[in-house]
Amino acid sequence: MKKLFLGVLTALALAAGGTFAGTLDDVKARGNLLCGVSTGAPGFATVDDSGKDVGFDVDYCRALAAAIFGDPMAVKFVGLTSAVRFTALAAGEVDILARNTTWTYSRDTDLKQTFLGVNYYDGQGFMVKKELGVKSTTELDGATVCIQVGTTTELNLADYFKENGMSYEPVPTADNAESQQQYLAGACDTYTTDASALHGTRVNLENPDDHLVLPEIISKEPLGPLVRHGDDNWADIGRWVLNALVIAEEKGITKGNIDSWKDTKDAEIHRLLGTGDDDILAMVGLPKNAMYNAIKAGGNYGEIFENNLGATSGINIERGVNASWTKGGILYSPPFR
Amino acid sequence: MSSPTLPPSESFKFSMLLSDTRYRGMSLQVITFIIFMAVFFWLVDNTIKNLALLDKDVSFNFLWLRAGYDINQRLIPYTSDSTHGMAALVGILNTLLVAFVGCIIATVLGLFVGILRLSKNWIVAKLMSAYIEGFRNVPVLLWIVMVFALLTEFTPAPRAFKGAEPEATMLFFESVAITNRGTYFPAPVLAEGAYWLLLCFGLSIVAVIYFIRYANKQKKDTGKSLPTFWISVAVIIFPTLILFFAMGQPVSLEYPYLKGFNFKDGIHLRNSFLALTLALAFYTSAFIAEIVRAGIMAVSKGQSEAAASLGLRPNKIMSLIILPQALRIIVPPLISNYLNLTKNSSLAIAVGYMDVRGTLGGITLNQTGRELESMLLLMGFYLAVSLLISSFINYFNRSFQIVVR
């Protein structure tokens, strides 16, 4: 129902007017950031025992809010299912979407979205119950597959089974929670989505050891935050907060040691933390210490990763390609100058 | 004779448009129309402007693009290489299927429950009241999810049928399998000559229709009633059955069997379909039952007393005297219930049933980002179906009404 509601809402929002330029001014006037996140993806966006929003995507939005307001808590999280997320963004329900969303050509162009970069290089995987005895996706011919509607995984799934001459029966579900429930009830043999989400889901199951994420990754899923077309300044802000977190890791700036860089000879760090003479962040309308606040909020990219997806979180996802380029990964930010 | 002098005709003044009753009605209508058009134009204009601002246009070309996703329940051939338009069509047919089956079950059930609620048997009447109040007063979405949960949580997985000593077995001589993914029935396979059987079956039905007409005429003319029901059943079954064996059994059954992860062959009724159809039918039948009860109670008591004094038995009174009169009251509100069921079927996504809301208004909308176009098409579809259903039943309704001579 929510989807239909949002669809109508878009039509109404479109009909009732309202321009989207000057998002930063709108956000400042409102006093908080509206960030679209998943309705429940362990590691990316969930609510912890104390009712606080936590997760990889959540921390990115907190960094962005910190950059704008100096307060990482000045953000309101809006839970969106995969099917309604773009509509909600286009209708102005949220200022930014950080909802493990895959960057694709048609979403970038036809859906009129602007992707700000990649915050997680993912790929689509499959999870099965161990008792099924399946060791590889090539053994899944004839399987019933739980899949979230309105995702790229849905398209990859169709392509993958077709390419390999296998048949399957899709069981469409609205979100991760419903997929999980169907999968556990045995209404489907396997659950497919981004591998990171599968790992996150698996550790939260009652007996994680009874389940197996198959080794094959069948697609490229570069996940990243996005905004709607039409406000380049707003897109720049989001993009450079993300880049700042990546640069911070590269430079070794952490939440803990961020105050100890005042005497460094590295000019880029001074520009980044606003400790030098230049105030280059005025170019996008942010305070001089915006990136300092952003990094201070939840730490650098590496810290955010470890806290939400890595060993500290219990999900235990390896950094892999998501390591900084200086450590063998492919995370690489353009220079901050 | 002096002709009465007419008052000098007043010349038309602009203020008369509102003050003069001759013009007021018309001018108010014109004003309302202008306001309505202004609001409408403003909405359309604003939509176009804001779409332009978002750098979007209004185009239905996406209907001819490759859809790229699979749909589990297809009544027509469809693959991920088909177009979004075809996907919408698959969804439309799925919606119509649920609406059709749902309406039939709801009507039959509603008729029974409605009549039984008037039963003199206290327990039966109270049970039916409980049924009606239970279904009528809980949102239909909850019933859909509830039925779906029952179907998936309390039935065995296909795997349970495996092994030398399986946990679950198929019913009815190994022909029907109830699993948490749906129910599998044997499917008829038509061999050569099967079409003669179909023809024979069709002719039998035509014969029965003529026979019933003849029987009705007999009853009118002579007052004797023939055992219509048993003769009809015999006419429908025996010729086809005899031909079936005479031609060497040209129709065979294809039994579902377990292969790999799932059952193969046979007719597969998915749990999503069953849950949606049953929940909608139960829910709507509660409303129909009340309409039926109201219709029956509206027939004056004198009618049944008169029939009883003529010696008719209670079931005859119901079928010959009460129901024909009650139908006139029942049919009009029945239409709105059929429409409600059809529109409520758009809740299908709650159980992952791929109706037109799920394909065109769900996946297609999401993959193409054409919200406005998809929503307009959807609204157009539901509007067209609703108008069709109501005009169809209105046509029938006319034949039920008392003919005024």
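Colleague: How far apart do the C-alpha centres of domain 2 of chain B and domain 3 of chain B lie?

Modeller: This is a predicted model, so keep in mind that we're reading computed positions. In chain B, the domain assignment puts domain 2 at 84–154 + 270–400 and domain 3 at 188–250. Take the C-alpha centres of domain 2 of chain B and domain 3 of chain B, and the gap comes out at 30 Å.

Colleague: And over in chain A, how many Å separate the centres of domain 1 and domain 2?

Modeller: Chain A is split into domain 1, covering 2–121 + 222–326, and domain 2, covering 127–214. Taken over C-alpha atoms, the centres of domain 1 of chain A and domain 2 of chain A are separated by 29 Å.

Colleague: How does the side of domain 1 of chain A that touches domain 2 of chain A divide into nonpolar, polar and charged residues?

Modeller: The contact between these two domains of chain A takes 17 residues from domain 1 and 17 residues from domain 2. On the domain 1 side, the split is 8 nonpolar, 9 polar and no charged.

Colleague: Now the two chains together: which element gives the most to the side of chain B that touches chain A?

Modeller: The contact uses 37 residues from chain B and 41 residues from chain A. On the chain B side, the elements giving two or more residues are α2, α5, α12 and α13. That side of chain B holds 13 nonpolar, 18 polar and 6 charged residues. With 8 residues, the top giver is α12(B).

Colleague: Helix α11 of chain B looks odd to me. At which residue does α11(B) bend?

Modeller: Start with its length: α11 of chain B has 31 residues, and a straight helix would reach 45 Å, yet its end C-alpha atoms are only 37 Å apart. There's a bend of about 45° along α11(B), and a proline, B:Pro324, follows within four residues of it. The residue at the bend is among the buried ones of α11(B), a list that also includes B:Ala326 and B:Leu334. The bend sits at B:Ile322.

Colleague: Is B:Ser399 buried or exposed?

Modeller: B:Ser399 is found in helix α13 of chain B. Its C-alpha atom is 9.5 Å from that of B:Arg328, although the two are 71 residues apart along the chain. For the label we count neighbours, and 12 or fewer within 10 Å is the cut-off. B:Ser399 has 8 other C-beta atoms within 10 Å, so it is exposed.

Colleague: What does A:Lys112 count as, going by its C-beta neighbours?

Modeller: A:Lys112 sits in the loop between α5 and β6 of chain A. Its phi is near 60°, a positive value in a residue other than glycine. Because A:Lys112 has 18 C-beta neighbours inside 10 Å, it counts as partly exposed.

Colleague: And what does A:Asn316 count as?

Modeller: You'll find A:Asn316 in the segment after α12 of chain A. Phi of A:Asn316 is also near 60°, a positive value in a residue other than glycine. There are 11 C-beta neighbours inside 10 Å, so A:Asn316 counts as exposed.

Colleague: Last one: over which residues of chain A does pLDDT stay under 50?

Modeller: Chain A averages a pLDDT of 87, and 94% of the residues score at least 70. Still, there's a stretch with a score under 50, for which the model has 13 contacts beyond four places in sequence. Where pLDDT is low, predicted coordinates shouldn't be read in detail. The stretch in chain A is residues 14–19.

Technical notes. Residues are numbered from 1 along each chain as its sequence is written. Chains are lettered from A and ligands numbered from 1 in the order in which they are written. This is a predicted model: local features need pLDDT of at least 70, side-chain atom pairs count only at pLDDT 80 or more; totals for chains, interfaces and linings use all residues. Two residues are in contact if their C-beta atoms, placed from the backbone, lie within 7 Å. Ala, Val, Leu, Ile, Met, Phe, Trp, Tyr, Cys and Pro count as nonpolar, Asp, Glu, Lys and Arg as charged, and the others, Gly among them, as polar. Domain bounds come from an automatic or database domain assignment. The expected span of a helix is 1.5 Å times one less than its number of residues. The bend at a residue is the angle between axes fitted to the seven residues ending there and the seven starting there. A residue is buried if 20 or more other C-beta atoms lie within 10 Å of its own, exposed if 12 or fewer, and partly exposed in between; C-beta atoms are placed from the backbone. pLDDT is the predictor's confidence in each residue, from 0 to 100.
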